[in-house]
Amino acid sequence: MAWSALYLVNFLWAMAGSSTQSRSSCSVPSAQQPLVNGLQVRMENSVTSSAFPNPSVLIAMNLAGAYNLEVQKLLTYQLMASDAADLTIGQLALTIMALTSSCRDPGNRVSILQGQMENWVPSSTSTQASTFYGPSLAILALCQKNPETTLPIAARFAKTLLANSSPFNMDTGAMATLALTCMYNKIPVGSEEGYRVLFGQVLKDIVENISIRIQDNGIIESIYSTGLAMQALSVTPEKPNKEWNCKETMDTILNEIEQGKFHNPMSIAQILPSLKGKTYLDVPQVSCSPDNEVQPTLPNQPTTVPTSASNITVIYTINNQLRGVDLLFNVTINVSVKSGSVLLVVLEEAQRKNPMFKFETTMTSWGPLVSSINNIAENVNHKTYWQFLSGKTPLNEGVADYIPFNHEHITANFTQY
């Protein structure tokens with residue numbers, strides 16, 4: 001999905017460590033640094049004892065240098081208390097990297113993840129590309145812990161990527177680039193040259209797919225996929241034929257931040273490392289300094305006079321026309337909500353007015369995901385999900401983040417991928 005569907009500096013990684021290329025051409029200007037600081041503070045403020053513990057947030061916090069050490073400790077303890085049995089491969093990999101970035105021993109989580117990846121196989125050569133995202137994270141996490149034992153697992157993973165025929169997925173491609181770049185740079189001395197050739201071939205294919213999606217303004221496919229793509233292009237040893245203008249991407253991202261586009265903690269977590277000149281490959285190099293909070297310089301906030309928000313009307317349609325599903329329907333309702341309300345409020349008001357619009361959500365790292373409407377639930381085995389559209393355009397934000405405008409037509413369409 002589009003919504004669930006960053007890094008300024010180029011790092012040349014050697015087996016013993018890393019060295020940083022010149023940052024002068026792709027870094028945040030000092031005048032705009034308070035803007036980035038404000039983004040980090042917003043992300044850190046999302047961490048509470050009752051919130052979904054997001055390892056991506058802790059990784060970004062540690063790579064950037066945490067401002068709120070109490071929040072950092074809270075999230076670290078929450079992740080330490082998590083049960084590996086309750087986590088997907090991707091979640092487990094992120095938890096390992098998050099604990100590593102906090103200088104904590106992930107314990108037996110590494111051996112559990114390695115066992116899962118030794119047994120992992122895609123269902124077919126046409127398996128949806130997004131299903132490789134979690135395993136890409138796993139290869140990256142294992143590479144950072146023990147590259148030698150990860151080598152055969154990574155080689156099998158790389159061959160599977162080469163054989164896959166499904167359409168390219170940006171987030172998966174970016175994460176696979178980070179994972180295989182880690183392996184490429186940490187191939188043990190004396191290993192077969194075929195490993196380097198294999199990883200190089202897959203990396204070349206992926207970065208070409210990433211580069212052809214770079215828009216004229218520097219955005220890489222979409223503003224929310226640009227963060228991971230920046231990381232990938234910053235570190236890959238295989239450069240694309242189309243040259244990437246990192247500064248152009250950076251300038252556009254900073255402008256988008258000024259426009260308020262990054263407010264979801266997960267979207268911030270993916271863009272923040274690049275804004276601070278870091279990538280996920282830097283996780284093992286994080287230095288855990290003594291408790292010494294740094295107070296960030298924040299942007300000046302204009303004084304606003306509170307006003308009562310006027311109401312807007314949103315046209316909301318729920319639609320299911322998939323064959324094989326018992327209940328077919330196409331129902332529309334007009335919903336009145338306060339201007340500035342997120343889409344989730346629209347769904348709640350529609351549900352209050354008409355029981356056909358009953359819906360359920362599942363909590364994810366990106367926030368609540370609508371998993372069922374009118375008792376029709378998404379199904380991984382059937383490859384079905386609820387897709388939200390504005391007119392005919394898929395939304396690139398979740399229901400807890402997207403803000404509809406007056407008379408906008410929002411459709412929830414039960415879709416098969």
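In the predicted model, glutamine 270 lies within helix 12, which covers residues 265-275. Its relative accessible area is 3%, so glutamine 270 is classed as buried. Glutamine 270 is one of the positions listed under "binding site" in an unreviewed UniProt entry, the others being Asp171, Leu395 and Tyr417. Tyrosine 417, from that record, is located in the segment that follows strand 10 (409-416). With a relative accessibility of 39%, tyrosine 417 falls in the partly exposed class, because that class lies between the limits of 20% and 50%. When residues up to four places away in sequence are disregarded, the contacts of tyrosine 417 are Gln128, Val380, Lys383, Thr384 and Tyr385.

Strand 10 also belongs to an open sheet of five strands, arranged in the order 4-3-10-8-9 with mixed pairing. The edges are formed by strand 4 (329-338) and strand 9 (393-394); each has a single partner strand, and therefore one side of each lacks a neighbour in the sheet. Helix 13 (residues 343-353) packs on this sheet and touches strand 3 (311-320), strand 4, strand 8 and strand 10. The direction of helix 13 makes an angle of about 115° with that of strand 4. Within the sheet, strand 8 (residues 384-390) and strand 10 run antiparallel and are joined by seven bridges. Serine 390 has isoleucine 410, in strand 10, as its bridge partner.

A further antiparallel pairing involves strand 5 (residues 359-364) and strand 6 (residues 367-373), between which six bridges are found. The connection from strand 5 to strand 6 is a hairpin of two residues. Threonine 362 is paired through a bridge with leucine 369 of strand 6.

Among the helices, helix 3 comprises 12 residues (residues 69-80), for which a span of 16 Å is expected at 1.5 Å a residue; the end C-alpha atoms are 16 Å apart, so the two values agree. At the start of helix 3, a side-chain oxygen of asparagine 68 comes to within 3.1 Å of the backbone nitrogen of glutamate 70. The buried residues of helix 3 are Leu69, Val71, Gln72, Leu75, Thr76, Gln78 and Leu79. An α-helix has 3.6 residues a turn, so residues three or four places apart point the same way. The cover over the buried residues of helix 3 includes helix 1 (33-45), helix 2 (55-64), helix 4 (89-101) and helix 5 (109-118).

Key: Residues numbered from 1 in each chain as written. Predicted model: local features only at pLDDT ≥ 70, side-chain atom pairs only at ≥ 80, totals over all residues. Heavy atoms only, no water. Pairing = 2+ DSSP bridges. Helix = DSSP H or I, 4+ residues; strand = E, 2+ residues; numbered from the N terminus. Expected span 1.5 Å × (residues − 1). Buried < 20%, exposed > 50% of the residue type's maximum accessible area, 1.4 Å probe, protein only. Contact = heavy atoms within 4.5 Å. Polar contact = N/O pair within 3.5 Å; in protein donor to acceptor, adjacent residues only side chain to side chain. UniProt positions renumbered as here; feature names shortened; annotations may be inferred. Axes fitted to C-alpha atoms, helices over the stretch in contact; angles between N-to-C directions.
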